[in-house]
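Please work through the following exercises with the sequence and the model at hand. Each task is followed by a solution in steps.

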Amino acid sequence: MAMEVSEESVIKVTVDNTCSAITTKQQESHEEYHVHQNLKKTSDVDDSEKELHGTPISSILIKLHAGYFRITLSLGTQALLWKVLSQNKNPPSALHHLLPSTTFLLLWWLALCTLILLSFLYILRCFFYFEMVKAEFSHHVGVNYLFTPWISWLLLLQSVPFLVPQTITYQILWWSFVIPMIFLDIKIYGQWFTTEKHFLSMVANPTSQMSVIGNLVAARAAAQMGWKETAICTFTLGAAHYLVVFITLYQRLSGADRLPAMLRPVFFLFVAAPSAASLAWSSINNGTFDMSCKMLFYLSLFLFVSLACRPSLFKKSMKKYSVAWWAYSFPITFLALASTEYAKQIKGFVAPGLLMLLISAISVLVFLGLMLSTAFNLDRFLQENDDPIVSFTKNRCMKSMQNS
């Protein structure tokens, strides 16, 4: 009996040792599998990054999102401002003696060349990195800047020195710039109504006003061509959605996406929308800056003063140069354009003329400051490290590449 018990105990110990050895090997193989998978994921990420950053031109195309067209918006509005000021022959300004037409022409051609270059690069981005362009549609800020190329072209069209609005060429160009904006309107406004993840209350931010500005700029150009009904149609579309966006932004619902600190200059878009509306309605009203235009101008002026009195809001965004700084320029220039129309309408008073001079001077100084800042920070011009739009689109593209 003793011999049988001892044999059973030996067998039991042997079996236990064998089981523990098998378990240990399984754990080791399981750990090795996880390590292998992590290494594979890391290598996949590295391969994806290498594939994305193949050549210098590839690096530029990856970083060049639609937000860079803020530069052409600023150039276009400046060209339009200088054209309006140089043609203003009414007192109290009489600036046509002080502002040579060559300045306007230089600005217009600079804006045209810059816009052609950025448009060409963005077309290449659409061709080679279409996944990144698709990812911009999913970003709550980036999607709104898809309007900026078309707004820039419309601004250059309104300030073109060698075309009359009533010509066939002008009208064909107007349609070619407006039709893409209509498709973007249908997509974005439709998402606000029907798509739960893209309800306006969830994605609203100051850049949501870009679609509004696009419709208002198109309305002004249509009114200058004499297409009053078309102008009223596009103005109504812009004005109705401006009211919705403005109220939504004032409510600041808790579920909405928060705006990164570096993008806070886009708060000045609050100034651009009512200014563009006053200019558009004035053109629809045969150049008369009536009470509705004045109300919109006063609202824009109040919002500008309100933002200018809160420099702490923009303190973090001003620590390092960013292309987002260009969001300061064109809203102030829109306000300056509205002030010129206001000064022409209010005759016999010195204050409107002085206000026009002051706002125009601020606009020009801001524009020059941004030009110099960009020239001195060319090394940071296409930095992706702290740009939320670039980071978002790059991550989306890498995930799609890994999944495929």
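The exercises below concern a predicted model and proceed from the whole chain to single residues.

**Exercise 1. The chain as a whole**

Task: Determine how many helices and strands the protein chain has, and what percentage of its residues count as buried.

Solution:
- Step 1. The protein chain contains 15 helices and zero strands.
- Step 2. Of its 404 residues, 47% count as buried.
- Step 3. Among contacts between residues at least 6 apart in sequence, 80% join residues at least 24 apart.

**Exercise 2. The packing of H4 and H5**

Task: Establish whether helices H4 and H5 are roughly parallel or roughly perpendicular to each other, and identify the residues that form their contact.

Solution:
- Step 1. Two packed helices are described by the angle between their axes and the distance between the axes.
- Step 2. Helix H4 spans residues 101–128 and helix H5 spans residues 130–138; their axes come within 5 Å and cross at roughly 100°.
- Step 3. Angles of 65 to 115 degrees count as roughly perpendicular, and H4 and H5 are therefore roughly perpendicular to each other.
- Step 4. H4 contributes Tyr122, Arg125, Cys126 and Phe128 to the contact, while H5 contributes Phe130, Met132, Val133 and Glu136.
- Step 5. By class, these contact residues comprise six nonpolar, no polar and two charged.

**Exercise 3. The surroundings of Thr72**

Task: Decide whether Thr72 is buried or exposed, and find which side chain makes a polar contact with the Thr72 side chain.

Solution:
- Step 1. Thr72 lies in helix H3, which covers residues 70–87.
- Step 2. The relative accessible area of Thr72 is 2%; because buried means under 20%, Thr72 is buried.
- Step 3. Leaving aside residues up to four places away in sequence, Thr72 touches Thr114, Leu115, Leu118 and Ser152.
- Step 4. With Ser152 there is a polar contact between the two side chains, at 2.9 Å.

**Exercise 4. The largest nonpolar core**

Task: Identify which residues touch the most other members of the largest nonpolar core, and which residues Phe268 touches.

Solution:
- Step 1. The largest nonpolar core has 114 residues, and those touching the most other members are Ile151, Leu154, Trp174, Met210, Ile213, Phe268 and Phe334.
- Step 2. Beyond residues up to four places away in sequence, Phe268 touches Phe304, Leu307, Phe314, Ala327, Tyr328, Pro331 and Ile332.

**Exercise 5. The backbone at Asn286**

Task: State where Asn286 is placed and whether Asn286 is buried or exposed.

Solution:
- Step 1. Asn286 belongs to the loop between helix H11 (269–284) and helix H12 (291–308).
- Step 2. Its phi is near 60°, a positive value in a residue other than glycine.
- Step 3. With a relative accessible area of 67%, Asn286 is exposed.

Definitions and conventions:
Residues numbered from 1 in each chain as written. Predicted model: local features only at pLDDT ≥ 70, side-chain atom pairs only at ≥ 80, totals over all residues. Heavy atoms only, no water. Axes fitted to C-alpha atoms, helices over the stretch in contact; angles between N-to-C directions. Helix = DSSP H or I, 4+ residues; strand = E, 2+ residues; numbered from the N terminus. Parallel < 35°, antiparallel > 145°, perpendicular 65-115°, else oblique. Contact = heavy atoms within 4.5 Å. Nonpolar A, V, L, I, M, F, W, Y, C, P; charged D, E, K, R; others polar. Buried < 20%, exposed > 50% of the residue type's maximum accessible area, 1.4 Å probe, protein only. Core = buried A, V, L, I, M, F, W, Y, C linked by side-chain atoms within 4.5 Å. Polar contact = N/O pair within 3.5 Å; in protein donor to acceptor, adjacent residues only side chain to side chain.
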